[in-house]
Amino acid sequence: MASDLREKVLEKYSARVYKNRKEHVIAIGEGNPDTITANTRAIPGIITQRGCCYAGCKGVVLGPIKDAAIIVHGPIGCAFYAWGTRRHKAFADEKDGEKADCYLEYCFSTDMQEPDIVFGGEKKLKQAIEEVVDIFHPAIVLICSTCPVGLIGDDIHAVAKWTEIELGTKAIAFSCEGYKGVSQSAGHHIANNQLIRYIIGAGDKEPKTQYSVNLLGEYNIGGDGWEVERLLKRCGIEVVSVFTGGGSYRDLKNSHLAHLNLVQCHRSINYVAEMMQDKYGIDWLKVNFVGIESSAKSLRDIGEYFGDEELKARIEEVIADEIAAITDELDYYKSKLKGKSAALYVGGSRSHHYQLLLKDFGVRTVLAGYEFAHRDDYEGREVIPDIKPDADSKNIESIEVEPDPKYYKVLLTQEQKEKLLEKGVALNYYEGMFKGMEEGAIITDDLNHFETEEFLKVLKPDVFFSGIKDKFVTQKNGMLSRQLHSYDYSGPYAGFRGAITFGHDLVMGLYTPAWSYIRAPWQKVPSIQGTLGGEA
Ligand code: CFM
């Protein structure tokens with residue numbers, strides 16, 4: 001029984017740790033309905049895989065904006081870590097005569113030293129901004145603060161204002177100190193707030209067609225965003241902006257004029273989707289371009305939203321053509337993968353999306369979890385009213401927006417939305433991860449190193465999809481691990497063609513089981529002994 005397996009892993013904890021962790025680890029089908037505790041503090045001393053608030057703001061949401069000079073105000077270690085980790089892919093380009101430069105190869109930082117901490121860092125920040133404006137003339141300057149800045153109280157927002165007045169360059173500050181909130185999720189929210197305040201709505205370039213969309217929560221890892229854009233364009237759907245993979249201030253500032261928002265990663269960008277709905281009347285549609293069936297459904301849902309027969313016919317043609325092009329390879333990879341099982345542990349959305357791609361190949365999911373998602377990402381948005389705010393979540397500002405007097409528009413009436421719902425197209429809604437999962441599958445929120453090793457031992461999946469921090473531990477234990485954050489530098493995995501690349505990589509890994517031939521020295525002779533949980 002799944003619950004016995006769970007107990008077997010958790011029973012090794014001390015009573016206090018057990019009490020905490022049992023709320024975060026559940027088996028599907030145990031509850032009625034299944035509920036989970038999420039977005040709360042990790043237990044001190046436990047090796048969590050989470051990142052910090054600054055990582056979520058600078059590293060995740062702002063990081064890919066190519067024409068922005070993003071200045072990290074803080075010690076150089078923080079800057080280096082944000083620069084060298086996530087796979088940001090973009091190139092400089094020109095759209096209707098308007099250029100967007102690309103600064104993603106650069107790392108801008110104030111490199112704070114001890115005297116700056118003692119006497120204040122604003123002077124140094126101003127100097128850094130002057131330099132960056134002088135050398136690069138960026139379209140916009142974004143300032144991100146790290147922990148010490150919050151502790152000493154530098155007023156980065158005043159410096160942003162100073163930049164606009166004195167240097168004539170648009171500047172926005174983000175108080176995303178690493179210690180805020182309980183994970184990088186807090187940083188997503190802080191970034192979303194400033195995007196709606198200062199960037200969305202700053203332009204006035206109308207879309208060229210009546211079927212225009214923004215792609216929200218698509219970060220172009222491995223070129224996924226480019227592949228999705230290719231598909232949408234083939235169907236005749238105009239992409240106004242991408243939040244934020246390969247994205248630019250040039251495009252984001254006009255996003256309020258698009259007709260529909262598509263949401264790929266709900267966790268990181270749902271605040272923008274909601275606020276754009278309130279402020280500009282733009283509906284959002286949860287899509288998933290990971291997986292063959294899911295990509296086809298996402299395209300069809302967009303067609304239903306616009307309701308144009310010609311558009312719908314073109315979408316069907318594109319789906320048929322894309323699938324015809326991959327059928328042979330799909331059959332081959334299916335034959336190699338059918339009946340395998342997988343465990344998935346990633347940040348806040350991929351552990352759901354990739355289950356659907358795995359299903360296309362006949363691979364079952366036996367364990368899935370998120371590092372920092374909220375209950376709605378697991379259970380669906382209907383639980384939002386039941387989520388009790390705590391001291392940590394109250395610390396992150398939640399902003400209310402009013403309908404914009406100039407740009408607010410209504411595209412579909414309530415009646416039309418209900419008709420769409422009857423056709424299975426739910427607007428402004430995300431169903432979460434749980435609903436599509438098999439009974440008995442284990443769910444782990446904020447999985448740690450100990451539980452990773454133990455669950456893999458008892459569940460024995462064929463592959464563990466995770467990140468760099470857990471990949472090598474897994475492989476040294478003889479099991480295949482593929483990274484879902486970076487795709488192990490492969491990709492794109494999105495869309496129809498991407499599914500084949502994914503299938504290829506997975507088959508390659510599973511049928512080259514090099515790791516299973518290795519025995520680490522400590523597997524033969526124990527090298528250290530100890531107890532768990534801080535109690536004897
Ligand atoms: Fe969204 Fe992401 Fe993810 Fe995320 Fe991330 Fe990422 Fe991720 Mo790594 S925005 S929640 S904070 S889909 S960087 S592109 S892979 S943990 S599952």
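Two strands pair if DSSP finds at least two bridges between them. Keep that cut-off in mind for strand E8 (residues 212-218) and strand E10 (residues 260-263), which pair in the parallel sense over four bridges. One thing before we go on: what you're looking at is a predicted model.

**The four-strand sheet**

Let's stay with E8 and E10 for a moment. Find asparagine 214 and look across: asparagine 261 in E10 stands opposite. Both strands belong to an open sheet of four strands, and its order reads E9-E8-E10-E11, with parallel pairing. Which strands sit at the edges? Those are strand E9 (238-244) and strand E11 (284-286), and each pairs on one side only. Going from one strand to the next, the twist averages 25°.

If "parallel" is a new word for you, here's the background. Strands of a sheet pair through backbone hydrogen bonds, and they do so either parallel or antiparallel.

**The six-strand sheet**

Now for another open sheet, this one made of six strands in the order E1-E14-E13-E12-E15-E16, and here the pairing is mixed. Why do strand E1 (25-27) and strand E16 (480-483) count as edges? Each has a single partner strand, so one side of each is left without a neighbour in the sheet. The twist in this sheet averages 15° from one strand to the next.

Zoom in on strand E13 (residues 364-370) and strand E14 (residues 442-445): they pair in the parallel sense, over four bridges. For tyrosine 370, the bridge partner in E14 is aspartate 445. There's a helix packed on this sheet too, namely helix H15 (residues 350-360), which touches strand E12 (341-346), E13 and strand E15 (463-466). The direction of H15 makes about 155° with that of E12.

**Backbone oddities**

Four spots in the backbone are worth a look, and here they are side by side.

| Residue(s) | Feature | Angle | Where |
|---|---|---|---|
| Asparagine 32 and proline 33 | cis peptide bond | omega about -5° | proline 33: loop between E1 and helix H3 (53-62) |
| Phenylalanine 243 and threonine 244 | cis peptide bond | omega about -10° | threonine 244: strand E9 |
| Asparagine 428 | positive phi, not a glycine | phi near 55° | loop between helix H18 (414-422) and E14 |
| Aspartate 446 | positive phi, not a glycine | phi about 55° | loop between E14 and helix H19 (449-459) |

Threonine 244 takes us back to the four-strand sheet: this residue is found in strand E9, and E9 is one of the edge strands there.

**An enclosed space**

Next, the empty space inside. Rolling a probe the size of a water molecule over the atoms shows where empty space is left. How many cavities of 30 Å³ or more does a search of the whole structure find? The search finds one. The largest cavity has a volume of about 80 Å³. Its lining includes Asn20, Arg21, His24, Thr40 and Arg41, and also Asp446 and Asn448. You've met Asp446 already, as a residue with a positive phi of about 55°. Sorted by class, the lining comes to three nonpolar, five polar and four charged residues.

**Around the ligand**

Finally, the ligand. How many residues surround the ligand? There are 14, and the closest are Arg86, Cys265, Gly347, Ser349 and His485. What classes do the residues of this shell fall into? They divide into six nonpolar, six polar and two charged.

Key: Residues are numbered from 1 along each chain as its sequence is written. This is a predicted model: local features need pLDDT of at least 70, side-chain atom pairs count only at pLDDT 80 or more; totals for chains, interfaces and linings use all residues. Side-chain values use heavy atoms; hydrogens and water are left out. On a 1 Å grid over the protein atoms alone, a cavity is a set of points where a 1.4 Å probe fits but cannot get out, and a pocket is an open set with protein on both sides within 12 Å along at least five of seven lines; lining residues have an atom within 4 Å of a point. Grid points are joined across faces, edges and corners, and a volume is the space filled by probe spheres set on the points. Ala, Val, Leu, Ile, Met, Phe, Trp, Tyr, Cys and Pro count as nonpolar, Asp, Glu, Lys and Arg as charged, and the others, Gly among them, as polar. A residue is near a molecule or strand if one of its heavy atoms lies within 4 Å of it. Helices (H or I, at least four residues) and strands (E, at least two) are DSSP runs, numbered from the N terminus. Axes are lines fitted to C-alpha atoms, for helices over the stretch in contact, and angles run from 0 to 180 degrees between N-to-C directions. Contact means heavy atoms within 4.5 Å.
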